[in-house]
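Let's take a walk through this structure together, beginning at the ligand and moving outward. Keep the 3D view at hand as you read.

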Amino acid sequence: MHTALNTSLTDALGCDYPVIQTAMGWVSTAQLVTASIEAGAFGFLAAAVMSPEECEAEIKLIKSKTDKPFGVNIHAFQQGIDKIIDMCIDYDVAALSYGRGPSPKIVEKVKAAGLKCVPTIGASKHASKAVKMGADILVCQGQEGGGHTGATPTWLLLAQVIDQNLGVPVVACGGFKDGRGLAAALTFGADGIAMGTRFMMSSDSPTPDATKAEYLKSDVLKIPVSTKLDGLPQRMVLNGTLSDLEKSSKLGMLIRAMQNGMKYKSQTGMSMGQTIKTAWGMASKTDMTLGQTMMAGNAPMIIQKAMVEGKPDEGVLPSGQIAGLIDDLPSCADIVGKIVSDAEASLKRVGA
Ligand SMILES: Cc1cc2nc3c(=O)[nH]c(=O)nc-3n(C[C@H](O)[C@H](O)[C@H](O)COP(=O)(O)O)c2cc1C
């Protein structure tokens, strides 16, 4: 292997190659994580959308198939977070990833247990704060990236963060799919790449075939960022559901959110009155309208329509713009294998 592929990231995480498979709700399950880590990448289980019981079952499943290290992704405010943290420590999980950081006490606890803290940041001003709050590795996601995303393009964010010399490995994220991207990131000064969409668009991801077919058809210019799903900028494939959301007025949004509230009542377990009360509480503390906060409550169900139920027209498809450049669904082994050989070829070509 080209020595440039041995980086501070592979040293810190104990993976073969400087490639991270990121957490994607309902996508980065034990099935995908097992495949990506067996292929030599480092994978994160998307536990931010799991209960502690679901998370434990998935961790056990990974451990029953492989002894390679992997990480768990959490959300600081999810239900059962303390149980999940203890579980990560008990099961000897190698790393914890998150957007909004957990409390300093939790960070201290997991670090004392030897887990690496791997936050994703979307703006340069968050880099030094994240390191002060205990980050061992920084994943810098540029605006091209999938799901919730910031406004700075990947290469600009990367330059801003690398130039701060924060003393931790920096990982380029948002818009990567191949070996030349990895080689470019390494020569730019990053210590590796992280990818979501590319791993979701693999034969190993649990995403239903009908939904994968929509990703394969997507166009790089038709994967916009919208705040209409949950009030935060989120990049998704432009389908009928997203177009309708984008066109909604404030009143239209409220009506749509109420309709969804009725539709998903059995899944949320909340009556319409409870939904409105919860949404109103949230709206009064943020800049969001009542319709937006109600819609945010329904967002997980709308995403699951596409990502779990295989009804892409009825749901939304979180995606990086890179989906527009991807036209195949290889296994994780093939994805990682080709990334490594192409990165080596690129590095040799430049060296020559
Ligand atoms: C389908 C999908 C679901 C995602 N879900 C999550 C999530 O639950 N938690 C999270 O931190 N990031 C989530 N993301 C963001 C990814 O982890 C990753 O940061 C992003 O996809 C990187 O950009 P790329 O898609 O260009 O590789 C999601 C992205 C996608 C495409």
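A residue is taken to be near a molecule when its C-beta atom, placed from the backbone, lies within 6 Å of that molecule. Keep in mind as we go that this is a predicted model.

With that cut-off, 29 residues surround the ligand. The closest are Gly-145, Gly-146, Gly-147, Gly-196 and Gly-320. Sorted by class, the shell holds 15 polar, 12 nonpolar and 2 charged residues. Which element gives the largest share of the shell? That is helix 9, residues 197-200, with 3 residues.

Now turn to Gly-175, found in the loop that links strand 8 (170-173) to helix 8 (179-188). Is Gly-175 buried or exposed? Gly-175 counts as buried because 24 C-beta neighbours lie inside 10 Å, and the threshold for that label is 20 or more. Setting aside residues up to four places away in sequence, Gly-175 touches Gly-142, Glu-144, Gly-145, Thr-154, Gly-320, Gln-321 and Ile-322. Two of these names, Gly-145 and Gly-320, will be familiar from the list of residues closest to the ligand. The partner Ile-322 is 147 residues from Gly-175 along the chain, yet their C-alpha atoms are separated by 5.0 Å.

Glu-38 offers another stop, in helix 2 (residues 30-38). Glu-38 has 19 other C-beta atoms within 10 Å and is therefore partly exposed; buried would take 20 or more. Beyond its neighbours within four places in sequence, Glu-38 is in contact with Thr-66 and Lys-68. Its C-alpha atom is also 8.5 Å from that of Cys-332, a residue 294 places away along the chain.

Next, a pair of helices. Two packed helices are described by the angle between their axes and the distance between the axes. For helix 3 (residues 52-65) and helix 4 (residues 81-90), the angle is about 20° and the axes are 9 Å apart. Helix 3 is therefore roughly parallel to helix 4, as angles under 35 degrees count as such. Their crossing is right-handed. Helix 3 brings Pro-52, Cys-55, Glu-56 and Ile-59 to the contact, while helix 4 brings Lys-83, Ile-84 and Met-87. Of these contact residues, 5 are nonpolar, 2 are charged and none is polar.

Finally, step back to the whole protein chain, which has 16 helices and 11 strands. Of its 352 residues, 49% count as buried. Among contacts between residues at least 6 apart in sequence, 64% join residues at least 24 apart.

How values were computed:
Residues numbered from 1 in each chain as written. Predicted model: local features only at pLDDT ≥ 70, side-chain atom pairs only at ≥ 80, totals over all residues. Helix = DSSP H or I, 4+ residues; strand = E, 2+ residues; numbered from the N terminus. Nonpolar A, V, L, I, M, F, W, Y, C, P; charged D, E, K, R; others polar. Axes fitted to C-alpha atoms, helices over the stretch in contact; angles between N-to-C directions. Parallel < 35°, antiparallel > 145°, perpendicular 65-115°, else oblique. Left-handed = near helix turned anticlockwise from the far one by under 90°. Contact = placed C-beta atoms within 7 Å. Buried ≥ 20, exposed ≤ 12 C-beta atoms within 10 Å, placed from the backbone.
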